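User: Could you take a close look at the charged side-chain pairs in this model and walk me through them? I would like one connected account rather than a list.

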Amino acid sequence: MSRSALVGNITAMLEDAGFAVSDRCAIRPKSFDLAARRGDDLVLLKVLGNIDAFDGETGAEMRRLGSYLSATPMVIGLRTRDEDLKPEVVYFRHGVPVMNPDTAMDLFLEGMPPLIYAAPGGLYVNLDGDLLADERERRGWSLGRLATELGVSRRTVSKYEDGMNASIEVAIHLEEMFDQPFSSPVSVLDGAEEVRSAEPTPEDPDADPDDEHVVHILTRAGFTVHPTARAPFKAVSEDDDRRSDQIPMLTGHSSFTPSAEKRARIMSSLGEVTRTRSVYFTKEQSKRDAVEGTALVSCDELASIDDPDAIRDLIRERAEEPSEA
């Protein structure tokens, strides 16, 4: 299956599951392909045939964007170089959850998150330690008795009951012994924090030298500007003024070419899904005030305004307001 067809299938699946889905980010470079929202759940999706193409720089960017936009970064793929991705399993690459389309379908359409996750050494599950301890005590078994049945140490059983995760083999053995499951779903839409290694959000990349004057003016106007490296926009800007609505803003900057207009349209679609404003700063004066929902502001206009509130008002006047629907 081509990647384009795979993206189309994932889009259709998400729409069937009740998600609002952005236009595909069909420009390069791109850290993600789609944004999708259902209620408070916002997902940034990278769709790949072979997930080995997902590199560390892209993973870092997706994690940064997830932090700025309160979104879950996620990769949906078919295989690695060596094998197909297993169904009902969540993998991790560069701190980002990865799953195959069947697992994604179970999660989004059926509301069934995966129970199994891959980590160095094999496949694992979350154990409900309290339930395990209750069932062991109900049977009158000591820690040593259960350890003998499982073929592990008493200390290991104690760790299971304290919340340590277990191999899938141990989970199956427990289920067979007690005739009930002890595994808990992996909270993928919360970033699967309970199973992946805790890593701080990667630091922002340096701004493109060509964008530094725009960053400087926005910073002076009271915005915190987070440059991007591979997104279809140059930065995510946060308004630090507590008197304002503090809605994040997707920011672009270049000459207003046909390629820039395409980016502005994608930013409009993304802004609708991510509930952000979007603004494109052009190097020359444009006869238009906006491209769909993306405000167009020339760099000369931006530089001529000293009042931070006036800059915010200009952007709000031209940009489409984010929908809360």
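**Salt bridges, and two helices that cross**

Analyst: Happy to! This is a predicted model, and it holds 23 salt bridges. Let us go through some of them in turn.

A good place to start is lysine 30, whose side chain meets that of aspartate 33 in a salt bridge, with 3.2 Å from N to O. Are these two partners buried or exposed? Lysine 30 has a relative accessibility of 10%, so it counts as buried. Aspartate 33 is at 0%, and therefore counts as buried too.

The next pair joins aspartate 55 and arginine 230, with the closest N and O atoms 3.1 Å apart. What does this pair tie together? Aspartate 55 sits in the loop between β3 (41–50) and α2 (56–69), while arginine 230 sits in the loop between β11 (223–227) and β12 (235–239), so the bridge ties together parts that are 175 residues apart in sequence. The burial of the two partners is worth a look as well: aspartate 55 is partly exposed, with a relative accessible area of 29%, whereas arginine 230, at 19%, is buried. The cut-off matters here, because buried means under 20% relative accessible area.

Helix α2 brings us to a pair within one element. Glutamate 61 forms a salt bridge with arginine 64, and their closest N and O atoms are 3.1 Å apart. Both residues lie in α2, three residues apart, which is about one turn of the helix. Glutamate 61 and arginine 64 are both buried.

Salt bridges also link up into a network, made of Glu261, Arg265, Arg288 and Glu292.

Charged residues turn up in a helix contact as well. The axes of α5 (residues 143–150) and α6 (residues 154–161) come within 8 Å and cross at roughly 100°, so the two helices are roughly perpendicular to each other. On the α5 side, the contact is made by Leu143, Gly144, Leu146, Ala147 and Leu150. Helix α6 contributes Arg154, Val157, Ser158, Tyr160 and Glu161. By class, this contact has six nonpolar, two polar and two charged residues.

One last point concerns the cysteines. How many disulfides does a search of the whole structure find? The search finds zero. Cysteine 25 is at 0% relative accessibility and so counts as buried, and cysteine 299, at 11%, counts as buried as well.

Methods
Residues numbered from 1 in each chain as written. Predicted model: local features only at pLDDT ≥ 70, side-chain atom pairs only at ≥ 80, totals over all residues. Heavy atoms only, no water. Disulfide = S-S within 2.5 Å. Buried < 20%, exposed > 50% of the residue type's maximum accessible area, 1.4 Å probe, protein only. Salt bridge = Lys/Arg side-chain N within 4 Å of Asp/Glu carboxyl O. Helix = DSSP H or I, 4+ residues; strand = E, 2+ residues; numbered from the N terminus. Axes fitted to C-alpha atoms, helices over the stretch in contact; angles between N-to-C directions. Parallel < 35°, antiparallel > 145°, perpendicular 65-115°, else oblique. Contact = heavy atoms within 4.5 Å. Nonpolar A, V, L, I, M, F, W, Y, C, P; charged D, E, K, R; others polar.
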